[in-house]
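I opened this notebook to record what I looked up in one chain, going from the overall fold down to single residues. Definitions are given where a term first comes up.

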Amino acid sequence: YHAAVEAVLAQHDKEAPGTPALVVFQTDGAPDAKTPATQALTDAAAKHPNVHFSFVAFGDPENKAFDYLRKLKTPNTSHFLAGETPKELTDKELYEGVLAAWRP
């Protein structure tokens with residue numbers, strides 16, 4: 001996760017520093033390296049408070065791999081467990097899940 005977070009923030013700083021941004025981060029599990037991921041997101045919250053990371057998780061919502069997202073408590077993140085059959089979600093369900101915690 002941390003490499004992606006850092007790349008997004010570098011791009012945001014280059015193109016639109018200070019403007020609100022929503023990053024839809026698709027995942028199928030926990031990061032390979034949890035400590036660097038948490039540090040990158042904590043740093044992002046402090047240095048880029050207008051950038052929000054909405055994690056969309058695909059797979060079994062009960063999967064322990066998603067505990068990382070459930071326990072993540074940085075103010076710039078949220079998560080939506082799209083489930084094993086995300087194509088069955090309505091547009092409204094998807095957008096409400098992704099946008100539930102983000103308002104610019």
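The entries below go from the whole chain to its strands and then to single residues.

**Ground rules.** I am working with a predicted model, in which local features need pLDDT of at least 70 and side-chain atom pairs count only at pLDDT 80 or more, while totals for chains, interfaces and linings use all residues. Residues are numbered from 1 along each chain as its sequence is written, and side-chain values use heavy atoms, with hydrogens and water left out.

**Entry 1, fold.** I counted four helices and three strands in the chain, taking both as DSSP runs numbered from the N terminus (helices H or I, at least four residues; strands E, at least two). Followed along the sequence, these elements give the pattern α-β-α-β-α-β-α.

**Entry 2, size and surface.** I looked up the radius of gyration, which is taken over C-alpha atoms and set against a globule rule of 2.2 Å times the number of residues to the power 0.38. The chain has 14 Å, which agrees with the value near 13 Å that a compact globule of 104 residues would have. The C-alpha trace spans about 35 × 30 × 20 Å along its principal axes. For the accessible surface I noted about 6400 Å², with 54% of it belonging to carbon and sulfur atoms; such areas come from the Shrake-Rupley method with a 1.4 Å probe, and for residues only the protein chains shown count as cover.

**Entry 3, burial, contacts and charge.** Buried residues make up 37% of the 104 residues, where buried means under 20% relative accessible area, exposed over 50%, and partly exposed in between (1.4 Å probe, protein chains only). Of the contacts with a separation of 6 or more, 72% join residues 24 or more positions apart, a contact being heavy atoms within 4.5 Å. I also found the mean positions of the 10 positive and 14 negative charges to be 5 Å apart. For that value Lys and Arg count as positive and Asp and Glu as negative, with His and the chain ends not counted, and each charge is placed at NZ of Lys, CZ of Arg, CG of Asp or CD of Glu.

**Entry 4, the strands.** Two strands pair if DSSP finds at least two bridges between them. S1 and S2 pair in the parallel sense over seven bridges, and S2 and S3 pair in the parallel sense over six. In the first pairing I noted Gln26 opposite Val56 of S2, and in the second Ala57 opposite Leu81 of S3. Along S1 (residues 21-27) the side chains alternate, with Ala21, Val23, Phe25 and Thr27 buried on one face, while Leu22, Val24 and Gln26 point to the other and are not buried. S2 is mostly covered, with seven of its eight residues buried, and S3 (residues 77-83) is also mostly covered, with five of its seven residues buried.

**Entry 5, Ser54.** Which residue is the bridge partner of Val24 in S2? I found that partner to be Ser54, which belongs to strand S2 (residues 51-58). Ser54 counts as buried because its relative accessibility is 0%. Leaving out residues up to four places away in sequence, Ser54 touches Leu22, Val23, Val24, Phe25, Ser78 and Val98.

**Entry 6, Val5 and Ala45.** Val5 lies in helix H1 (residues 2-15) and is buried, with a relative accessible area of 0%. Beyond four places in sequence, Val5 touches Phe25, Ala40, Leu41, Ala44 and Phe53. From Val5 to Val23, 18 residues away in sequence, I read a C-alpha to C-alpha distance of 9.2 Å. Ala45, in helix H2 (residues 34-47), counts as buried at 16% relative accessibility. With residues up to four places away set aside, Ala45 touches Pro75 and Asn76, and its C-alpha atom is separated by 8.5 Å from that of Thr77, 32 residues apart along the chain.

**Entry 7, Glu84.** Is Glu84 buried or exposed? Glu84 is exposed, because its relative accessible area is 60%, and it lies in the loop between S3 and helix H4 (91-99). Apart from neighbours within four places in sequence, Glu84 is in contact with Gly59 and Asp60. Glu84 and Lys71 are 13 residues apart in sequence, and I noted 21 Å between their C-alpha atoms.
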